[in-house]
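Work through the exercises below with the sequence and the 3D structure open beside you. Try each task before you read its solution.

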Amino acid sequence: MKNFSKELSFKTSRSSGAGGQNVNKVETAVTVLWKVDSSEFFNDDEKILINDKLKNRINAEGFLFLTVSESRTQLMNKNKAIEKIIEIVNKALIIPKKRTATKPSRAQKQKRLDGKKKLSDKKENRRFKF
């Protein structure tokens with residue numbers, strides 16, 4: 001898990017939602033920005049993987065951004081934003097294991113058919129016979 005928090009830049013804005021008079025004058029929402037291509041923490045292959053998996057979150061200038069306004073304080077939102085962006089990027093770097101196709105065994109097929117037959121018999125016994 002790589003911590004690239006030194007490369008992050010931050011913008012603050014006013015949070016939306018309830019908060020009374022405080023919400024109109026205090027900038028508590030934090031937007032964290034990270035330039036993917038100019039990162040020194042990741043190699044070219046990792047950058048390609050990040051760009052590919054997070055293309056919906058990366059804007060035209062190549063910035064990955066995330067806005068957090070969960071807390072009432074700017075500092076807590078900033079910490080949460082750092083946590084989330086690191087988590088998102090590290091998840092994007094995980095390469096899923098390839099699935100190998102397998103066939104069900106003869107015993108599994110027989111077990112399935114036995115179960116179907118048992119259910120069929122149970123339903124057949126519920127029927128009224130003339």
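**Exercise 1.** Decide whether threonine 28 is buried or exposed, and find where it is placed.

*Solution.* Threonine 28 has a relative accessible area of 8% and is therefore buried, where buried means under 20% relative accessible area, exposed over 50%, and partly exposed in between, with a 1.4 Å probe and protein chains only. Next, locate threonine 28 in the loop between β1 (9-13) and β2 (29-35); helices (H or I, at least four residues) and strands (E, at least two) are DSSP runs, numbered from the N terminus. Finally, look for its contacts (heavy atoms within 4.5 Å): leaving aside neighbours within four places in sequence, threonine 28 is in contact with Ser13, Ser15, Val68, Arg72, Thr73, Gln74 and Asn77.

Before going on, note that this is a predicted model, in which local features need pLDDT of at least 70 and side-chain atom pairs count only at pLDDT 80 or more, while totals for chains, interfaces and linings use all residues. Residues are numbered from 1 along each chain as its sequence is written, and side-chain values use heavy atoms, with hydrogens and water left out.

**Exercise 2.** Describe how β2 pairs with β1 and with β3, and explain why β2 is largely enclosed.

*Solution.* Start with β1 and β2, which run antiparallel and are joined by five bridges; two strands pair if DSSP finds at least two bridges between them. Here phenylalanine 10 stands opposite valine 32 in β2. Then turn to β3 (residues 63-68), which pairs with β2 in the antiparallel sense over six bridges, and find tryptophan 34 opposite leucine 64 in β3. As the last step, count burial: six of the seven residues of β2 are buried, so the strand is largely enclosed by the rest of the structure.

**Exercise 3.** Find which residues have the most contacts inside the largest nonpolar core.

*Solution.* A nonpolar core is a set of buried Ala, Val, Leu, Ile, Met, Phe, Trp, Tyr and Cys residues joined through side-chain atoms within 4.5 Å. The largest one has 19 residues, and those with the most contacts inside it are Phe4, Trp34, Ile50, Leu64, Ile85 and Val89. To this core β2, β3 and α2 each supply at least two residues, and α2 gives the most, with six residues. Now take isoleucine 50 by itself: not counting residues up to four places away in sequence, isoleucine 50 touches Trp34, Val36, Phe42, Lys55, Ile58, Val89 and Leu93.
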